[in-house]
Amino acid sequence: MTEVASPLAVGLNLPTWPLRDRSYATWPEMRALAREAEAMGVDTLWAPDHLQRNVAGERIGFWECWTILTALAEATTRVGIGPYIACTGFRNPALLAKMAVTLDEVSDGRLILGLGSGVPERDASWRAFGFDARKPVTRYAESVEVVARMLREPPVTFDGELVRTEDAEVIPWGGRPAGPPIWVAGQGAKTAAVAARWGDAINVNIALAGSSDMDRLIGIARQACETVGRDPATLELTGWGRVVLDTASNAVAREGCLSGSPADVAATIRGFADAGLRHVTLYVGDPDDPSKLPALTRPMLERFGVLLEAIRAA
């Protein structure tokens, strides 16, 4: 990933899903947020890979992930970019590897390839768009293997239960010679083992709000490494958290969220880094927004700047 000065990189998601008033941010609005975040010193910017979901009885949509990321590559110059996370059930994995190398070329080597299995029973995208929801973990394991091998040891012929390729190779090759880093999501034993087997980093789906959450993340990663016979020191740890900021940039107490003054939250995040966390993606909301994963707005980004300064000063 893009080199950063801090021992812990900090990322934000662009608002590709509905804002609190149920409107959608336009691309010019997202572009302005991205450039402001980059100037502020945010290390990575992400786009989620959903198409439509049902939330509390409401159908919501998302701007398409890879289209936004391609525009983001041209709109920015320094910040790392990537899908948070690319669902391996939505695209042929060999094609996904080719897309990743192409975007690494377009972004001048700034892509981080986040991969996840998706959860068909919780994501209406699968049924609505006609994706094959059979055995998502099996598909995940096979897809991640194909993507990783195509980025590391092409050509790839693979004859799996759900995924097949024949002499597939990424031509032309662009971006970094070794390809973009692969961050593989995992929480359950099977998906975490996929991450430990093929990932440069594991992204554990636990909202980090305190040291006990970090302990769980470490435990999952270590057990996964033990399962596949990998040294845990070779697998980077990444995660995510929520922060709800008042007008003074203090984090409001809310279950499952980071809370306290900017210095307090910075100290908690510094503790994550001391425990081995390499990157944290934060969702930034305000006290009037009940969403667990609020879409970023300019006022929230401005308030977040105070917290980011405290994290950098820590």
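**Exercise 1.** How many cavities of 30 Å³ or more does the structure hold? Determine also what lines the largest cavity and how its lining divides by residue class.

*Solution.* The model under study is a predicted one. Step one is the count, and the structure turns out to hold one cavity at or above the cut-off of 30 Å³. Step two is the volume, which for the largest cavity comes to about 50 Å³. Step three is the lining, made up of Leu12, Asn13, Trp17, Leu282, Tyr283, Val284, Pro294 and Leu296. Step four assigns these residues to elements: strand 1 and strand 13 each contribute at least two of them, and strand 13, with three residues, has the largest share. Step five sorts the lining by class, giving seven nonpolar residues and one polar residue, with no charged residue.

**Exercise 2.** Compare the expected span of helix 9 (residues 298–313) with the distance between its end C-alpha atoms, then locate its bend and describe what covers its buried residues.

*Solution.* Begin with the length: because each residue should add 1.5 Å, the 16 residues of helix 9 should span 22 Å, and the end C-alpha atoms, 23 Å apart, agree with this. Next, take the direction of the axis, which bends by about 25° at Gly305. Gly305 is also one of the buried residues of helix 9, a set that comprises Met300, Leu301, Phe304, Gly305, Leu307, Leu308, Ala310 and Ile311. Finally, look for the cover over these buried residues, which includes strand 1 (9–13), helix 1 (27–40), strand 12 (236–244), helix 8 (262–274) and strand 13 (277–285). Strand 1 and strand 13 are thus part of that cover, and they also supply residues to the lining of the largest cavity.

Key:
Residues numbered from 1 in each chain as written. Predicted model: local features only at pLDDT ≥ 70, side-chain atom pairs only at ≥ 80, totals over all residues. Heavy atoms only, no water. Helix = DSSP H or I, 4+ residues; strand = E, 2+ residues; numbered from the N terminus. Expected span 1.5 Å × (residues − 1). Bend = angle between axes of the 7 residues up to and from the residue. Buried < 20%, exposed > 50% of the residue type's maximum accessible area, 1.4 Å probe, protein only. Contact = heavy atoms within 4.5 Å. 1 Å grid on protein atoms, 1.4 Å probe; cavity = no way out; pocket = protein on both sides within 12 Å on 5 of 7 lines; lining within 4 Å. Points joined across faces, edges and corners; volume = space filled by probe spheres on them. Nonpolar A, V, L, I, M, F, W, Y, C, P; charged D, E, K, R; others polar.
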